[in-house]
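Thanks, everyone, for making the time this morning. I'd like to walk through the ligand site first, and then through two helices.

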Amino acid sequence: MSPCWRRPIRAPSVAEARPGEVSAVRRPGSAQKKVAVIGAGIVGIACAIELLRDGHEVTVIEPGQPGGEQAASYGNAGGLNPSSVVPMSLPGTWRKVPGWLRDPLGPLTIRWSYVPRLAPWLMRFLRAGSTLARVEATARALRRLIADAPERHRRLAEEAGVPELIERQGTLYIYPAREDFEREALAWRLRRDNGGQWLELSADELRQREPSLDRRYQFGVLDEAGGHCTDPGAYVAALAAHARSLGATFLEQSASAFRIEAGRLRGVILADGGEVPCEAALIAAGARSRDLAGKVGDRVSLETERGYHAVIADPPFTLRHLIMSGDGKMGLNSMRGGLRSAGQVELAGAGPRCCAIGCCARSRRSRATCRPIGSRSGWATARPRRTGCP
Ligand SMILES: Cc1cc2nc3c(=O)[nH]c(=O)nc-3n(C[C@H](O)[C@H](O)[C@H](O)COP(=O)(O)OP(=O)(O)OC[C@H]3O[C@@H](n4cnc5c(N)ncnc54)[C@H](O)[C@@H]3O)c2cc1C
């Protein structure tokens, strides 16, 4: 494959621009190219804005509404968390898996008919966390990507005219007891080694910060560097509108293949047979990226994981922080639409199947974490999950 289009477009560097400067910033030496961005989730849209900033001509290919329910970027927990450097696969993770699978409200579910397809990925996933050296390398790689995520998102939201969607109150991890926190010593060491700092909170201090938490939680850890988004779907939609105002063209289509001639990318082929002529393409199709990347010979170790959230409309309280529960392994966030709990992992492929278990588990967990609350609604989608460090 020609390096001209395989060359990765570097990660968004919103930090380099000041609010209001976006269209004026053109990096020296960047030759203008026609670039197709495939997918308008948070990754595609953030990259599109960055490409526009570099002076490129950008076409975004997306079959749904940017910010719509089809994308993981709509339904996530909204956490912008520099301490999220701990890979899911750690030494000894495999020992916990049977217990997780036995618990219907546990953090992991597998569709058994999918296991034969999943097996190679699962082996790579467990291998990625098999030694300390591997997880340390993954944590370092993640740190480089997310260290200043809350500040970058704050600036991006400000540029897009929606500064109110990004909050900077910190991330609060809650545990039934200090011993539960201590049992996660490796995770917290990885966070500390990668710049993480935190305040440890007694039961009283926890209650002062979040009065609505269930009494079961007696110990907390506050990472003040964390932030959260109060409406991830609206945020992506606002960024898409911003990209449009900077000159991006949007096509309501699916990308299905690539036209490559003499080792150079000439265009992205669309599902309806049309084509977007381009010199470079960025695959940001979330859980669907692996198949597209496979069409140009890139083998990406990406599995589709089903992600869930449940929303409790009009709860009688508002959480100040994004909350991560140590026992439930989920995020809780007071958003515009209500209290959202999210985070159960279901390995079941990306097919059109909605398992109600995930939504129910989220909802029952959030009831157990906070005071009794009202009616709920659920959402599920496919999300991308890598094995670990490339
Ligand atoms: C329940 C849940 C909770 C989460 N919580 C957090 C959190 O708190 N913090 C955090 O940082 N992350 C969280 N995540 C992960 C985060 O949401 C994802 O990593 C992120 O949204 C991925 O963005 P994306 O742009 O890669 O993919 P997506 O948002 O899925 O967007 C991909 C887009 O590509 C489009 N597409 C697909 N195929 C094609 C095609 N062939 N052609 C064109 N377009 C195509 C889709 O329609 C979609 O709009 C969570 C995820 C879930 C599911």
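Before we turn to the site, a word on domains: the bounds I use come from an automatic or database domain assignment. Please also keep in mind that this is a predicted model.

With those bounds, the shell around the ligand draws at least three residues from each of domain 1, which covers 3-70 + 234-294, and domain 2, which covers 77-230 + 301-386. Of the 35 residues around the ligand, the ones that come nearest are G39, G41, G79, G286 and G307. The elements that give two or more residues to this shell are α2 (42-53), α3 (72-75), β15 (302-312), β18 (338-347) and β19 (376-386). In character, the shell divides into 15 nonpolar, 17 polar and three charged residues.

Now to the helices, beginning with α7, residues 149-159, where P150, H153, R154, R155, L156, A157 and E159 are buried. The buried residues of α7 pack against α2, β3 (79-80), β5 (166-167), β9 (227-229) and α11 (232-245), and just after α7 comes G161, which takes a positive phi of about 80°.

How much of α11 is buried? Ten of its 14 residues are, so α11 is largely enclosed by the rest of the structure; among them are P232, Y235, L239 and H242. The buried residues of α11 pack against α2, β2 (57-61), α3, α7 and β9. As a check on its geometry, at 1.5 Å a residue the 14 residues of α11 should span 20 Å, and its end C-alpha atoms are indeed 20 Å apart, which agrees. Following α11 is G247, whose phi is positive, near 115°.

Methods. Residues are numbered from 1 along each chain as its sequence is written. This is a predicted model: local features need pLDDT of at least 70, side-chain atom pairs count only at pLDDT 80 or more; totals for chains, interfaces and linings use all residues. A residue is near a molecule or strand if its C-beta atom, placed from the backbone, lies within 6 Å of it. Helices (H or I, at least four residues) and strands (E, at least two) are DSSP runs, numbered from the N terminus. Ala, Val, Leu, Ile, Met, Phe, Trp, Tyr, Cys and Pro count as nonpolar, Asp, Glu, Lys and Arg as charged, and the others, Gly among them, as polar. A residue is buried if 20 or more other C-beta atoms lie within 10 Å of its own, exposed if 12 or fewer, and partly exposed in between; C-beta atoms are placed from the backbone. Two residues are in contact if their C-beta atoms, placed from the backbone, lie within 7 Å. The expected span of a helix is 1.5 Å times one less than its number of residues.
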